[in-house]
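Reader: I'd like a close look at one part of this fold, the loop residues with odd backbone angles, and then whatever surrounds them. Could you walk me through it in one go?

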Amino acid sequence: MTQVVHTRDELAAALAERAGPAEIAVVMTMGALHEGHRRLIRVARERSPFVVVTIFVNPLQFGPAEDFDKYPRTLDADLEACRAEGAAVVFAPGRDDVYPGGAPSITMNPGALGGILEGASRPGHFSGMLTVVAKLLRLTRADVAYFGEKDFQQLALIRRMVVDLELGVEIVGVPTVREIDGLALSSRNRYLSPEQRKSALALSRALREGATHADPTAILAAAGKILADEPGVRVDYLELTGPDLGVVPDDGPARLLVAAKVGATRLIDNVPIVLRKEA
């Protein structure tokens, strides 16, 4: 039975009522749940019988020209998905429950890692994201939290924050969930027209082609050509980094990341890469 709560007091009572000392697993979302979110809940339940799903569209991580007002809000359908996946509690707070004093005067500084890639394109985004994640980790008393690898820079920053601030929460990354044709699942995919959706497939196609190579120059050239050949895609960045978004290694694990606009919709994706010095 999934318990739905909306206030801090209701959440605290639900946590206090859980049976025994079971660890608290948390899946944080902004709603508009899709199969990727459902996979996170399922993975969490494989280990933890008590899973809390948070549903909150966080205003702090949207820029003034971004889609906060039109971001899809589908609470009834989201609750059905959480019930079907066996979540113990859904915490769906209002803005005043998360920010009771209004917009916080002190927020998280994402540091240098928050200024590259998505951070360069969306100033303030990661400060707002880390601020709400830190608050929700505390409010839910999380022992472990699950995040999708599609938002890879977000995952890297959350891991860094938890280590640097000694928050004592385990952070688990779950591989990106894709449609059969390769498109990474995203709540913003619903903005795409049928023609734009066809164009959006260039992102995953470019990443797959890049991953067939093992030399950085060849990886970027192969992926870049596919993106350049798709007129419906306007590339923001295509970057090869280390596995932690640092310096590209001579060989071993790396990450290939892309962000692009298709129509008015901004999409991101990434894949792991293995570099080989002798390639």
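Author: R141 counts as partly exposed because its relative accessibility is 43%, which falls between the 20% and 50% cut-offs. Keep in mind that this is a predicted model. R141 sits in the loop that links α6 to β5, and its phi is positive, at about 55°, even though R141 isn't a glycine.

There's another residue of this kind. L245 also isn't a glycine, yet it has a positive phi of about 70°. You'll find L245 in a loop too, the one between β7 (233-241) and β8 (252-262). Its surroundings are another story: L245 has 6% relative accessibility, so it counts as buried, whereas R141 is partly exposed.

Now back to the elements on either side of R141. Both α6 (125-140) and β5 (144-148) supply at least two residues each to the largest nonpolar core. That core has 34 residues, and those with the most contacts inside it include V133, L137 and F147. The largest share of the core comes from α6, with nine residues. The other elements giving at least two residues each are α1 (8-16), β2 (24-29), β3 (50-55), β4 (89-91) and α7 (152-164). As general background, nonpolar side chains in soluble globular proteins tend to be buried together.

V89 is a handy place to see how parts of the chain come together, since you can trace its partners by hand. V89 is also among the residues with the most contacts inside the core. If you skip its neighbours within four places in sequence, V89 touches Q3, V5, L11 and A14, plus F50, V51, V52 and V53. Apart from this core there's another one, with 24 residues, among them L203, V233, V258 and V271.

One more stop, this time at an annotated position. UniProt, in an unreviewed entry, puts the feature "active site" at H37. H37 belongs to helix α2, residues 35-47. Its relative accessibility is 12%, so H37 counts as buried. Leaving out neighbours within four places in sequence, H37 is in contact with T29, G31, A32 and S187. The side chain of H37 also reaches the backbone nitrogen of H34, at 3.0 Å.

So if you're picking residues to zoom in on, the loops give you R141 with its phi of about 55° and L245 with its phi of about 70°, and the UniProt annotation gives you H37.

Terms used: Residues numbered from 1 in each chain as written. Predicted model: local features only at pLDDT ≥ 70, side-chain atom pairs only at ≥ 80, totals over all residues. Heavy atoms only, no water. Core = buried A, V, L, I, M, F, W, Y, C linked by side-chain atoms within 4.5 Å. Buried < 20%, exposed > 50% of the residue type's maximum accessible area, 1.4 Å probe, protein only. Helix = DSSP H or I, 4+ residues; strand = E, 2+ residues; numbered from the N terminus. Contact = heavy atoms within 4.5 Å. UniProt positions renumbered as here; feature names shortened; annotations may be inferred. Polar contact = N/O pair within 3.5 Å; in protein donor to acceptor, adjacent residues only side chain to side chain.
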